[in-house]
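Me: I have a new structure open and want to learn how to read it. Can you take me through its features one by one?

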Amino acid sequence: MKYKSHRIAMNFFTFAVLLFLVQVLVGLIAAGQFIKPDFFIISFNIIRTLHINALVVWLLCGLMGATYYVVVEETEGELWNLPLAHFQFWATAIATILVVIGYIVMGLNPQANKWVFGTLILNEGRTYIEAPRWADCLIALSAILFLFNNVMTIIKSKKITGIQGTLIGGMVFLTLMYLPGMVYIKSMVKDQFWWWWVVHLWVEGAWEVIAGALLAFMLLKVTNAPRHVLERWMYIEVFLVLFTGILGIGHHYYWIGTPPYWLWIGAIFSSLEPVPLLVMVWDAFRTTRENRIINNRIGLFLSVAHAIFNFVGAGLWGVIHTLPQVNKWTHGTQITNAHGHLAFYGAYVLLIVAIIYIAVPNIKGLKDFNTDRAYKAFWWMTVSMILMVLTLTGAGMVQVYMERLMGVDYVVVKEHYNYWFWVFRAFFGVGFLIGVGLLVLDYFTMGNLPVRKGASNIRTTASA
Amino acid sequence: MENNGYRNLFIFGSLACFAILIALTVNTFGKLDQRAEPITEEVNAGKMVWHKYDCIGCHTILGNGSYFAPDMTKIASRIPKSYLKKFLMDPKKTNAHATMPKLGITAEEADQLIVFLDWISKVDTNGWPPKPIMTVTAGNVADAYTKYQCADCHSISGVGGTSGPDLSHEASIHPDADWQLRHLTDPASVVADSAMTPFPDMSQEERTQIVNFLLTLK
Ligand code: HEM
Ligand code: HEM
Ligand SMILES: [Fe+2]
């Protein structure tokens with residue numbers, strides 16, 4: 001380990017991959033409940049809460065690990081305050097575990113979730129941001145400590161690079177956008193209005209900015225591309241992300257009781273949201289083509305895969321249902337769910353996996369290592385995810401046609417016409433779990449397997 | 001520093017977009033209250049119950065939430081409140097096919113929830129959810145069956161709601177015309193604690209019409 005500070009990044013990555021495993025395991029239980037609703041002791045709502053909260057938390061941990069890593073690499077020095085960073089890690093991990101215990105308690109006994117001093121003590125009953133207020137405060141505190149430590153490191157080193165600045169900017173935006181979810185509002189319409197600030201301005205705003213910065217960083221590390229070119233495109237991409245994404249929030253304000261002008265704003269800006277994602281794909285390919293010196297092939301492979309699936313999952317699967325004329329029929333159906341899965345997978349799961357395969361070999365000081373298992377994990381996850389998403393898209397099309405267009409009862413469509421889609425989804429879910437299992441195994445054993453001839457991770461020749 | 005122009009475009013362009021969002025938010029908040037009924041303490045109490053039991057963990061409301069159970073935006077305008085109350089307090093007892101768990105919702109909480117659901121059903125949602133455009137029918141149903149919206153709760157040959165039992169083979173289950181008539185007049189007088197709403201305004205003619213129709217469903 002070149003820097004002691006890299007320990008922090010490793011801790012976050014470790015916690016992240018373990019939670020990823022938990023997320024997918026509970027996802028499988030949720031999928032089982034679609035087939036047989038009563039088979040598990042904890043009811044669906046809590047299983048789903050665990051599934052999506054584990055997702056958000058592990059991705060956030062991955063992003064924090066990535067930021068600590070990038071800041072140390074870019075400033076070429078230790079973090080401003082190492083003990084503080086350790087404290088921040090453990091506080092985050094312990095808070096997460098406490099929240100999870102709270103959810104499980106509520107799953108076993110719904111009455112345990114009481115209103116105390118105007119807040120619910122175990123679960124706020126609001127998708128994605130279910131964490132209770134006391135946990136919100138801990139999370140906000142953790143984010144502030146995290147930002148402060150990184151900013152102080154940069155200031156101390158006096159090396160402010162574009163990548164670093166954009167990354168920290170995205171992190172500040174992310175932290176600020178957590179706040180609108182922290183107030184109780186009596187109107188359900190206003191409640192959902194602010195809820196979308198958190199959810200939409202995260203995944204289609206702050207997180208995409210972070211993804212843009214990390215993509216530039218990763219391409220910089222795995223090729224010999226000139227920094228100024230990468231940073232120029234990064235600025236263009238993240239500008240376009242926010243230009244389309246901020247007002248693109250309108251695609252959530254069509255039907256929740258908000259004025260009709262949002263139909264226009266949402267349609268126009270959100271339709272443009274795939275554009276920056278396409279630029280990122282082009283950027284990744286251009287950089288690879290123009291710079292043939294590649295010192296981490298799996299890292300590059302995953303970075304490009306991330307760019308492609310970010311575009312497909314978020315951009316394409318998002319844009320198909322973003323116009324009000326379409327969304328009127330598909331709103332809140334399995335089409336949304338299909339998009340949610342492919343978008344999160346392509347945009348953020350692959351992003352974190354990519355950064356892990358760039359950071360960890362470097363932290364461990366591996367010159368070359370066996371990447372067979374990493375590729376295997378990637379293909380198991382990706383093929384399963386694609387099949388799962390196609391299944392959900394099929395279920396969504398049946399649902400939209402029968403329930404929304406023909407007026408067949410919701411329950412009849414779900415239990416009868418869509419039954420086999422649920423079975424296949426669970427089946428592909430098992431495939432995905434195998435992929436995650438391989439990934440976690442490879443994470444812990446990276447560099448242990450002997451490097452095979454012809455399967456080297458390094459390529460420095462200008463050939464091929 | 002050759003990228004300063006691009007950097008400034010990013011920083012100031014994004015801030016400008018965000019400023020527009022804030023302006024639109026202020027404008028929207030000025031309009032929201034006219035698009036919904038006033039919020040009473042009762043409505044808010046119902047919303048608090050909604051959060052307490054994490055209903056959104058299974059259902060959508062205004063189309064947002066989970067896709068495991070039906071949307072709740074318009075439920076109170078479709079299903080009678082007396083049925084809703086019974087169902088919320090004990091779903092499986094009220095509807096044998098229900099998958100919703102018994103959460104321990106009290107009578108008071110159920111009343112509050114219903115007031116909240118009634119409030120949300122009156123929000124102006126720009127026409128969402130849309131009416132189906134390819135309406136299906138279950139063959140020739142009696143006019144009175146349509147008039148009293150029995151299909152909101154019952155289905156025949158897969159068409160209709162699932163709150164009450166399937167009526168596709170009702171004539172084989174309860175072939176007795178007298179039973180049917182008494183049930184239709186006052187469900188609770190034949191089925192203990194029935195959650196079906198009585199239809200006091202129905203004429204005798206209409207009752208006979210419905211019963212005759214039900215007895216054709218072999
Ligand atoms: C990485 C980026 C993205 C992620 C992670 C993401 C994720 C999600 C998730 C999880 C939901 C469901 C929220 C819920 O109801 O619980 C959602 C909804 C939606 N997303 Fe995205 N999304 C992304 C990008 C996009 C893009 C680029 C577009 C369009 C161009 C888009 C269009 C939509 C629409 C229209 C909905 C609402 C569907 C409905 O009516 O319920 N998304 N997104
Ligand atoms: C074994 C693999 C998985 C299975 C079986 C699975 C299953 C499920 C189920 C049953 C739901 C609830 C859907 C509903 O409420 O209608 C769900 C929701 C969700 N899952 Fe998964 N999941 C898996 C993996 C993943 C992964 C890897 C991600 C992230 C990349 C993910 C992200 C989500 C999101 C964002 C939602 C909420 C969708 C929305 O509300 O729009 N899932 N998942
Ligand atoms: Fe969105």
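Reply: Start with an idea for reading polar contacts: a polar contact is a pair of N or O atoms within 3.5 Å. Keep in mind that this is a predicted model.

Me: Then how far is an oxygen atom of ligand 1 from an N or O atom in the side chain of Asn327(A)?

Reply: The distance is 3.0 Å. That falls inside the cut-off, within 3.5 Å. Tyr67(B) gives a second case: an N or O atom of its side chain is 3.0 Å from an oxygen atom of ligand 1. His339(A) adds a third, with a polar side-chain atom 2.8 Å from a nitrogen atom of the ligand.

Me: Those residues carry two chain letters. Where does ligand 1 lie?

Reply: Ligand 1 sits between chains A and B. Its surroundings count 26 residues. The closest are Ser270(A), Asn327(A), His331(A), His339(A) and Tyr67(B).

Me: Which helix gives the most to the shell around ligand 1?

Reply: That is α12(A), with seven residues. In chain A, α6 (188–222), α10 (297–319) and α12 (334–364) each supply at least two residues of this shell.

Me: How do the residues of that shell divide into nonpolar, polar and charged?

Reply: There are 10 nonpolar, 13 polar and three charged residues around ligand 1.

Me: Now the metals. What protein donor does the iron atom of ligand 1 have?

Reply: For a metal like this, look for N, O and S atoms within 2.8 Å. The iron atom of ligand 1 has a single donor from the protein, NE2 of His339(A), 2.1 Å away. His339(A) is placed in helix α12 of chain A.

Me: And which residues are the protein donors of the iron ion, ligand 3?

Reply: His200(A) donates through ND1 and Glu204(A) through OE. His251(A) and His252(A) both use NE2. These donors lie 2.0 to 2.2 Å from the iron ion. Along the sequence, the donor residues are spaced H-x3-E-x46-H-H.

Me: Why is the arrangement around the iron ion (ligand 3) irregular?

Reply: Check the angles. Four donors count as tetrahedral if all angles lie between 85 and 135 degrees. Here the four donor atoms subtend angles of 84 to 146°, so the arrangement is irregular.

Me: What separates His200(A) and Glu204(A) in helix α6 of chain A?

Reply: About one helical turn, because the two residues are four apart in that helix. His200(A) is buried, and Glu204(A) is buried too.

Me: How far apart are the iron ion (ligand 3) and the iron atom of ligand 1?

Reply: They are 4.3 Å apart.

Me: Let's move to ligand 2. Which residues come nearest to it?

Reply: Gln23(A), Arg48(A), His51(A), His341(A) and Tyr67(B) come nearest, out of 28 residues around the ligand. Ligand 2 also lies between chains A and B.

Me: What polar contacts can I look up there?

Reply: Take Arg48(A): an N or O atom of its side chain is 2.6 Å from an oxygen atom of ligand 2. For the side chain of Gln334(A), the distance to an oxygen atom of the ligand is 3.4 Å. Tyr67(B) takes part through its backbone, where an N or O atom lies 3.2 Å from an oxygen atom of ligand 2.

Me: Which helices of chain A each supply at least two residues of the shell around ligand 2?

Reply: They are α1 (6–35), α2 (44–75), α12, α13 (372–405) and α15 (419–445). The shell around ligand 2 divides into 16 nonpolar, 10 polar and two charged residues.

Me: One last feature, accessibility. Is Leu108(A) buried or exposed?

Reply: Use the relative accessible area: buried means under 20%, exposed over 50%. Leu108(A) has 54% relative accessibility, so it counts as exposed. This residue is found in helix α3 (residues 82–108) of chain A. Leaving out residues up to four places away in sequence, Leu108(A) touches Ile41(A) and Ile42(A).

Me: What about His228(A), in helix α7 (residues 227–248) of chain A?

Reply: His228(A) has a relative accessible area of 33%, so it is partly exposed. Neighbours within four places in sequence aside, His228(A) is in contact with Glu2(B) and Asn3(B). Compare a position along its own chain: Gly162(A) is 66 residues away, and the C-alpha atoms of the pair are separated by 8.9 Å.

Conventions: Residues numbered from 1 in each chain as written. Chains lettered and ligands numbered in written order. Predicted model: local features only at pLDDT ≥ 70, side-chain atom pairs only at ≥ 80, totals over all residues. Heavy atoms only, no water. Near = heavy atom within 4 Å. Polar contact = N/O pair within 3.5 Å; in protein donor to acceptor, adjacent residues only side chain to side chain. Nonpolar A, V, L, I, M, F, W, Y, C, P; charged D, E, K, R; others polar. Buried < 20%, exposed > 50% of the residue type's maximum accessible area, 1.4 Å probe, protein only. Contact = heavy atoms within 4.5 Å. Donors = N, O, S within 2.8 Å, 3.2 Å for Na, K, Ca; no water. Tetrahedral: all angles 85-135°; square planar, octahedral: opposite > 155°, others 65-115°.
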